[in-house]
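Dear colleague,

I am handing over the structure below, together with some notes on what was found in it. Please read the notes with the model open beside you.

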Amino acid sequence: PVEIKTYKMTHPKGLGIDTKLLFVCDDGLKIFDASDPLKLSDNQLAHYPGIAGYDVIPFNKVAMVIAEDGIHQYDYSTVSDIRKLSYLPVKAD
């Protein structure tokens with residue numbers, strides 16, 4: 001791997017990529033068009049501040065967001081209007 005550019009973020013945690021979509025847990029969930037990594041900040045497609053996760057696994061139009069309270073699944077077929085599919089609570093001992 002070679003660093004080609006850095007971007008300032010608020011509190012970045014986990015990230016995931018599905019084809020050309022980059023998902024970042026940073027002050028909520030942010031979604032970017034990553035087809036040109038040198039212009040990532042110009043290509044933010046959506047920001048969902050209410051989705052507080054510390055990791056995200058996007059695959060086949062479903063994003064699994066791992067949060068403190070459990071696992072949330074979102075359909076991102078329409079990136080500008082994702083919708084919650086399910087929630088699996090997880091209790092830490």
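How many bridges join strand β7 to β8, and in which sense do the two strands run? In this model, which is a predicted one, six bridges join β7, made of residues 70-75, to β8, and the two strands run antiparallel. One of the pairs is that of Tyr74, whose bridge partner in β8 is Lys84.

These two strands belong to an open sheet of four strands, which follow the order β5-β6-β7-β8 with antiparallel pairing. The edges are taken by β5 (55-59) and β8 (83-89), each of which has a single partner strand, so that one side of each is left without a neighbour in the sheet. Direction ignored, neighbouring strands of this sheet are turned by 20° against each other on average.

Within strand β7 you will find His72, which counts as buried because its relative accessibility is 10%, below the 20% cut-off for that class. Its side chain makes a polar contact of 3.0 Å with the side chain of Asp69. When neighbours within four places in sequence are left aside, the residues in contact with His72 are Ala63, Met64, Val65, Ala67, Lys84, Ser86 and Tyr87; Lys84 is thus named here as well as in the pairing with Tyr74.

Another set of pairings involves strand β3, residues 29-33, which is mostly covered, with four of its five residues buried. Five bridges join β3 to strand β2 (residues 21-25) in an antiparallel arrangement, and β3 also pairs in the antiparallel sense with strand β4 (residues 44-48), over four bridges. Ile31 takes part in both pairings, since it is the bridge partner of Phe23 and stands opposite Ala46 in β4. The hairpin of β2 and β3 has three residues between the strands, and there Asp27 takes a positive phi near 55°.

Two further residues deserve a look for their backbone angles, given that most residues other than glycine have a negative phi. Thr19, which is not a glycine, has a positive phi of about 55°; this residue lies in the loop between β1 (15-18) and β2, and is exposed, with a relative accessible area of 68%. Lys61 likewise has a positive phi, near 70°, and is found in the loop between β5 and β6 (62-67), where its relative accessible area of 41% makes it partly exposed.

With best regards

How values were computed:
Residues numbered from 1 in each chain as written. Predicted model: local features only at pLDDT ≥ 70, side-chain atom pairs only at ≥ 80, totals over all residues. Heavy atoms only, no water. Pairing = 2+ DSSP bridges. Axes fitted to C-alpha atoms, helices over the stretch in contact; angles between N-to-C directions. Buried < 20%, exposed > 50% of the residue type's maximum accessible area, 1.4 Å probe, protein only. Polar contact = N/O pair within 3.5 Å; in protein donor to acceptor, adjacent residues only side chain to side chain. Contact = heavy atoms within 4.5 Å.
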